[in-house]
Structures are given as C-alpha cells and as structure tokens.
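Thanks for making time this morning. I would like to go through one model with you, starting with a single helix and then turning to the empty space and to one loop.

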Amino acid sequence: MRDVRAALRQQRIETPSWAYANSGTRFKVFAQAGVPRNPEEKIADAGVVHRLTGVAPTVALHIPWDKVDDYAALAKYAADQGVGIGAINANVFQDDDYKLGSVTNPDPAVRRKATDHLLECVDIMDATGSRDLKLWFSDGTNYPGQDSIRARQDRLAEALREVYDRLGDDQRMLLEYKLFEPAFYTTDVPDWGTSYAHCIELGPKATVCIDTGHHAPGTNIEFIVAFLLRAGKLGAFDFNSRFYADDDLMVGAADPFQLFRIMHEIVSADALGEDAGIAFMLDQCHNIEPKIPAIIRSVMNVQEATAKALLVDADALAAAQRAGDVLGANAALMDAYNTDVRPLLRELREEMGLDPDPMAAYARSGYAEKIVAERVGGEQAGWGA
C-alpha cells in the first residue's frame with residue numbers, strides 16, 4: 001500500500017494571484033470589499049492560504065496585472081510571507097493591437113510586440129527565480145478566409161522558438177490550449193494535440209498545460225492526462241470547474257468524480273511528487289463568492305480528490321484488469337472514490353501543526369475583517385476587463 005499520508009503531506013498546489021483580485025465574466029465583474037490593490041497584497045493573501053492549508057507554497061503572477069518595478073524585491077516580500085513566486089503568466093490578449101491576434105497576427109509589428117512581451121516575462125522569471133513560463137494565446141479567427149490557418153501556425157512556431165531559445169537551463173515553457181473563445185472559427189492552439197505538436201518540435205523544456213475547463217463538453221480529460229504522461233509532455237494543470245464552457249468555477253465543484261479520475265491517472269503514474277515536474281495550479285475566478293475562502297475550499301477539494309486516488313487498491317485493480325473483471329476493476333475505483341477522506345485529512349493537518357478545518361480557521365482568524373478595514377482607498381486589483 002502507498003504511504004498515503006506522506007504523499008498528501010508533500011502535495012503542492014499553486015494559487016493564482018488574479019484569483020485574489022476582482023475577476024469574473026465578460027459581462028460583469030463584481031467588486032468585493034478587502035480585495036488586494038497591488039501584487040504585494042495578493043501575495044499576502046496567498047500566504048494566508050498556505051499557512052492554513054500547508055500545501056499552497058507558491059503563487060503565480062500574471063503580467064502586466066502584477067507588474068512592479070523590482071521583481072527581486074517582490075520575490076523577497078513573498079518569501080517573507082512564507083510563499084514563493086510560481087509560474088509567470090504572459091498576457092497577450094488585452095491590448096487593442098491584438099484584435100487580430102498576438103504572435104500570429106498578420107502584422108509583423110504586432111507580432112514583434114507580443115514576442116517582446118513574452119521575452120520580458122522570461123526576464124521576470126530570472127528575477128523571481130520562477131521555473132515556469134505559462135503561455136495561453138487567444139489568437140484565432142472568427143470567419144472563414146479571414147487569415148491563412150497554416151501561416152498562423154508558422155508564425156506561432158516562430159515566436160515560440162524565439163522564446164524557447166531564451167529560456168534558462170532550469171526554466172520551462174508551459175503551452176496551454178483552449179477550444180474556443182474569444183475566437184470562434186479557428187483558435188490557433190485549440191487542443192492538446194496542437195500544443196503537444198509544438199512542444200515536441202520545440203524540445204524538452206516545452207510541455208503541455210491542461211486547463212480542465214478548456215475542452216469540448218464530454219471530453220475525456222483523463223485520457224489526455226494518461227497520453228501526455230506516457231509521452232513525458234505533461235507539465236502542468238490549471239484546475240477549475242465548468243458546466244458549459246470556460247466557467248472558471250472552483251475545482252471539484254461541477255464534477256468531483258472527474259477530478260478524482262484525473263488524479264488517479266497522476267497517482268498511478270507515480271507523478272504526484274515534485275520530482276515528476278508537474279505543476280498543480282488553480283486558475284479560477286471568484287466573482288460572487290468570497291475569494292480567500294473559495295481558494296481555501298479549492299485547495300481542499302484537490303486534496304480530497306488526491307486522497308481518494310491514493311486509496312485505490314492498485315493491486316486489486318491490476319488483478320481485476322488482468323482477469324478481464326470489468327465490474328471488479330470498476331469497483332476498485334468506486335470504492336476509493338466513495339470513501340470519506342475528510343477525517344484522514346483532518347488528522348493529517350493536525351499532524352502538520354495546522355487547524356484541522358482550514359475554512360473554520362480562516363473564519364475565526366479575523367483576517368477577512370482586517371483586510372476590509374485596511375484596504376480602503378486606492379484602486380482594487382482586477383484583470384482589466
């Protein structure tokens with residue numbers, strides 16, 4: 001049997017800076033009291049989440065939403081809060097120049113501007129000590145004939161190569177994909193196969209990032225996980241939940257069984273530990289729910305799915321599979337999934353010197369009231385939509 005407690009104790013989940021800020025849908029972003037006004041306040045909130053959960057030691061940044069004059073000083077501030085700077089996320093989708101695309105735009109001047117921003121993000125990684133550059137492109141077209149589909153792939157490959165060649169020895173590129181939106185006819189990186197093909201062409205420092213909300217309804221995400229694990233090209237997850245499209249709801253809220261199935265593939269491939277090189281990140285927007293409690297709950301949801309995956313009787317599952325025992329094999333998974341792992345996780349947190357109930361601990365801490373009182377004036381941070 002696996003050492004379930006040891007594996008859970010070593011789990012690492014990265015939280016996103018933008019989830020602490022005002023964010024929501026393309027229709028409306030609802031402001032909330034106490035929301036951070038700058039990157040430092042976002043990082044302070046991330047520090048609180050880590051202190052309460054014990055498994056969220058890094059926070060991802062998004063540039064230019066988290067732009068500062070001194071990134072080394074920001075990394076030092078993060079360390080003082082008990083967290084590190086995680087992935088650096090580039091933003092080439094909110095400038096008017098990118099209406100027809102960023103690195104795939106037909107205008108070479110716009111492509112140059114976008115690529116320069118990606119290179120700037122690598123400079124930021126150098127200053128913060130970050131390992132991962134995460135790239136998501138909104139580039140695409142809305143109408144047949146609008147642009148050459150093949151030429152856009154050539155432009156994408158050219159930009160990715162320039163940025164890849166700038167990476168340091170210990171740095172990586174994570175190439176995310178999304179089926180549609182904001183482009184509706186073609187998206188230039190619409191699926192895992194496109195991302196995978198570009199990563200193969202680039203080399204070992206380029207890997208695929210799976211955002212769990214970026215697929216067509218009914219997509220078997222755990223198959224994608226298994227395939228990329230086998231190929232050594234799974235670099236990261238952006239965890240969230242969706243009912244219809246890219247809803248960016250709390251991970252595990254819509255389909256906790258899917259999250260369990262994904263984590264089962266990770267556990268069965270012995271890819272949960274840090275040495276496997278997979279970054280487990282949240283990418284969510286908390287538009288109507290309180291932000292810090294929502295992030296704490298999300299971390300706990302990932303922990304619960306992971307604990308259940310670790311409880312799968314691997315020997316019994318393998319024996320049933322070899323014997324062609326369809327129901328027995330399925331039962332091995334379902335028995336683990338139907339196990340209430342909350343008592344195990346409460347005990348584990350106590351062993352780690354943490355409150356067994358992070359949600360209740362946050363409610364008692366007074367931190368929510370403190371930031372509402374202190375964060376008065378100035379401009380609340382948001383995603384600029």
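What you see here is a predicted model, and I will begin with helix H3, residues 71–80, whose buried residues are Tyr-71, Leu-74, Ala-75 and Ala-78. Looking down the axis of H3, these buried residues fall within an arc of 100°, so they line one face of the helix. That spacing may be familiar, since an α-helix has 3.6 residues a turn, so residues three or four places apart point the same way. On the other side of H3 we find Lys-76 and Asp-80, which are exposed.

What, then, covers the buried residues of H3? The covering elements include two helices, H2 (39–53) and H4 (108–128), together with strands E2 (58–63) and E3 (84–90).

The two ends of H3 also deserve a word. At the N-terminal end, Asp-70 acts as a cap, with a side-chain oxygen 3.2 Å from the backbone nitrogen of Ala-72. After the helix comes Gly-82, which has a positive phi, near 90°.

For the wider setting, an unreviewed UniProt entry carries the annotation "domain: Xylose isomerase-like TIM barrel" over residues 69–246. In the model, that stretch of chain is 40% helix and 18% strand, and its end C-alpha atoms lie 32 Å apart.

Now to the empty space, where I will take the second largest pocket, which holds about 330 Å³. Its lining is made up of 19 residues, and those nearest the centre are Arg-12, Glu-14, Thr-58, Arg-131 and Glu-274. Strand E3, which we met as part of the cover over H3, gives the most to this lining, with three residues, while E3 and strand E10 (279–282) each supply at least two.

How many cavities of 30 Å³ or more does the model contain? The count comes to one, and about 60 Å³ of space lies in the largest cavity. The residues lining that cavity include Lys-178, Leu-179, Phe-180 and Glu-181, and also Gly-213, His-214 and His-215, with Arg-242, Ala-245 and Asp-246 likewise in the lining.

Finally, consider Gly-24, which sits in the loop between strand E1 (15–16) and H2. Is this loop residue buried or exposed? Gly-24 counts as buried because its relative accessibility is 12%, which falls under the 20% cut-off. The C-alpha atoms of Gly-24 and Asp-247 are separated by 9.2 Å, although the two residues are 223 residues apart along the chain.

Conventions. Residues are numbered from 1 along each chain as its sequence is written. This is a predicted model: local features need pLDDT of at least 70, side-chain atom pairs count only at pLDDT 80 or more; totals for chains, interfaces and linings use all residues. Side-chain values use heavy atoms; hydrogens and water are left out. Buried means under 20% relative accessible area, exposed over 50%, partly exposed in between (1.4 Å probe, protein chains only). Helices (H or I, at least four residues) and strands (E, at least two) are DSSP runs, numbered from the N terminus. The arc is that of the directions from the helix axis to the C-beta atoms. Contact means heavy atoms within 4.5 Å. A polar contact is a pair of N or O atoms within 3.5 Å; within protein, one must be able to donate a hydrogen and the other to accept it, and residues adjacent in sequence count only if both atoms are side-chain atoms. UniProt positions are given in the numbering used here, feature names are shortened, and annotations may be inferred rather than shown by experiment. On a 1 Å grid over the protein atoms alone, a cavity is a set of points where a 1.4 Å probe fits but cannot get out, and a pocket is an open set with protein on both sides within 12 Å along at least five of seven lines; lining residues have an atom within 4 Å of a point. Grid points are joined across faces, edges and corners, and a volume is the space filled by probe spheres set on the points.
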